[in-house]
Amino acid sequence: MRKRNESVTVEHERAAAAAAAVPGPLDKGCSLRRSLRLPSSAAAAEGMKRPLGRRYGLWFRLRKVILWLLGVYIAIPFLVKLCPAIQAKLVFLNFVRVPYFIDLKRPQDQGLNHTCNYYLQPEEDVTIGVWHTVPAALWKNARGKDQPWFEEALGSSHPVILYLHGNAGTRGGDHRVELYKVLSSLGYHVVTFDYRGWGDSIGSPSERGMTYDALHVFDWIKARSGDNPVYIWGHSLGTGVATNLVRRLCERETPPDALILESPFTNIREEARSHPFSVASTQYFPGFDWFFLDPITTSGIKFANDENVKYISCSLLILHAEDDPVVPFHLGKKLYNIAATSRSFRDYKVQFVPFHTDLGYRHKYIYRSPELPRILREFLGKSEHEHHH
């Protein structure tokens, strides 16, 4: 009997122990949480892994960006070197059309109510858009007139300025339009055009083609202007076209009455090297000349103003702002020094007019100068006197 009771007691104790080992319904969650709780050192280690993982992921993404930028940094120069046409595009910027939403057939939309739009054809498959603004004195008579009237007006007793604009944009660019208005108010006919490949002009841009377009327009003007003086005005990249043109005119003994260069450079290679982007790049990019400047020459682009002025025989006026960020002031001054000592100018006036930094005219706002009318009157008046005597 005692053995039986002892066995029952032992079984009861075993059952109680087993019951204690198995959590009840209410204690199940708490017991599981306690059993899953990590030691304090393991929890700390786990907490450290998370920020380390985030930092590693951030560094991995940053490294990918750096490698991608480095790849672009290396690939672009080789791409430019292998495809010189890319560099030509960057010089001309003819694909940049600003302002974007203007109709070049309607110069009156830009406030040029005394302007007529023409289209001329310098070569087969090439058509260039031309604007002709008459002097302000003829404004009332010009209203409602067609192209034949404007062409005949070139023979009136007013001098003519052929304006050659710089890269990017069109003949309808804001600063260009403002200059036309100033020159018109001073009594000049202003004839300007978009080179082949610019604006609504048809053709592929090249230095030779731009120069030929300018020559064609000059001859077109001379055929209608009679004995009236014709001046050439080039701005920025247009100064390269202007000196190319005038050198050719002088070689065939039909020089213009004067040449005006606004914000000129010496040659396109030196200008490209002096550009703010290039100045920064040459410090950090070995072989910059070979990668970026040599392809310009390979593309046949020189715009050698410094060479051209040695063969030009007419009066020369250079206008340059000291704070010009695109064509550095020292290049305009250097070109003047070359021209002033050239034998070809020994019988002609060569003048350099700087505009102080405080005026803020920068690269394209010299037209705002209240001194400009006086400068032109004094310089071109003398040039006209030389022409007739």
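**Exercise 1. A link between two helices**

E270 has a relative accessibility of 24% and counts as partly exposed, where buried means under 20% relative accessible area, exposed over 50% and partly exposed in between (1.4 Å probe, protein chains only). The structure is a predicted model, in which local features need pLDDT of at least 70 and side-chain atom pairs count only at pLDDT 80 or more, while totals for chains, interfaces and linings use all residues. Residues are numbered from 1 along each chain as its sequence is written, and side-chain values use heavy atoms, with hydrogens and water left out.

Task: Identify the residue whose side chain meets that of E270 in a salt bridge, and state where both partners lie.

Solution.
1. The partner is K334, with an N to O distance of 2.9 Å; a salt bridge is a side-chain nitrogen of Lys or Arg within 4 Å of a carboxyl oxygen of Asp or Glu.
2. E270 is in helix 10 (residues 268-274) and K334 is in helix 14, so that the pair links distant parts of the chain, 64 residues apart. Helices (H or I, at least four residues) and strands (E, at least two) are DSSP runs, numbered from the N terminus.
3. K334, with a relative accessibility of 37%, is also classed as partly exposed.
4. Elsewhere, E123, R196, R208 and D213 are joined into one network by salt bridges that share partners.

**Exercise 2. Two further salt bridges**

Task: For the pairs D194 with R171 and R252 with D219, decide whether each residue is buried or partly exposed.

Solution.
1. The structure holds 14 salt bridges. The side chains of D194 and R171 form one of them, at 2.7 Å from N to O.
2. D194 lies in the loop between strand 4 (189-193) and helix 8, and R171 in the loop between strand 3 (160-164) and helix 7, so this pair ties together parts that are 23 residues apart in sequence.
3. D194 has a relative accessible area of 0% and is therefore buried. R171 is likewise buried, at 0%.
4. The side chains of R252 and D219 meet at 2.4 Å from N to O.
5. R252 is in the loop between helix 9 (237-251) and strand 6 (258-262), whereas D219 is in helix 8, so parts 33 residues apart in sequence are tied together.
6. R252 is partly exposed, at 37%, and D219 is partly exposed, at 30%.

**Exercise 3. The span of helix 8**

Task: State what span is expected for helix 8 (residues 207-225), and compare it with the separation of its end C-alpha atoms.

Solution.
1. The expected span of a helix is 1.5 Å times one less than its number of residues.
2. For the 19 residues of helix 8 this gives 27 Å, and the end C-alpha atoms are 27 Å apart, so the two values agree.
3. Buried residues of helix 8 include M210, A214, L215, F218 and W220.
4. The helix is followed by G226, which has a positive phi near 65 degrees.

**Exercise 4. The surroundings of S344**

Task: Is S344 buried or exposed, and which backbone oxygens does its side chain reach?

Solution.
1. S344 is placed in the loop between helix 14 (329-340) and strand 8 (350-355).
2. Its relative accessibility is 14%, so S344 counts as buried.
3. The side chain of S344 reaches the backbone oxygen of V309 at 3.1 Å and that of K310 at 3.4 Å.
4. With neighbours within four places in sequence left aside, S344 is in contact (heavy atoms within 4.5 Å) with V309, K310, Y311, I312 and S313.

**Exercise 5. K181 and the segment it meets**

Task: Name the residues in contact with K181, leaving aside its neighbours within four places in sequence.

Solution.
1. K181 belongs to helix 7 (residues 174-185) and is partly exposed, with a relative accessible area of 30%.
2. The contacts of K181 beyond those neighbours are Q110, G111 and L112.
3. For L112, the separation from K181 is 69 residues in sequence and 7.7 Å in space, C-alpha to C-alpha.

**Exercise 6. The chain as a whole**

Task: Describe the helices, strands and burial of the protein chain.

Solution.
1. The chain contains 15 helices and eight strands.
2. It has 389 residues, of which 44% are buried.
3. Among its contacts with a separation of 6 or more, 75% are between residues 24 or more positions apart.

Methods. Polar contact = N/O pair within 3.5 Å; in protein donor to acceptor, adjacent residues only side chain to side chain.
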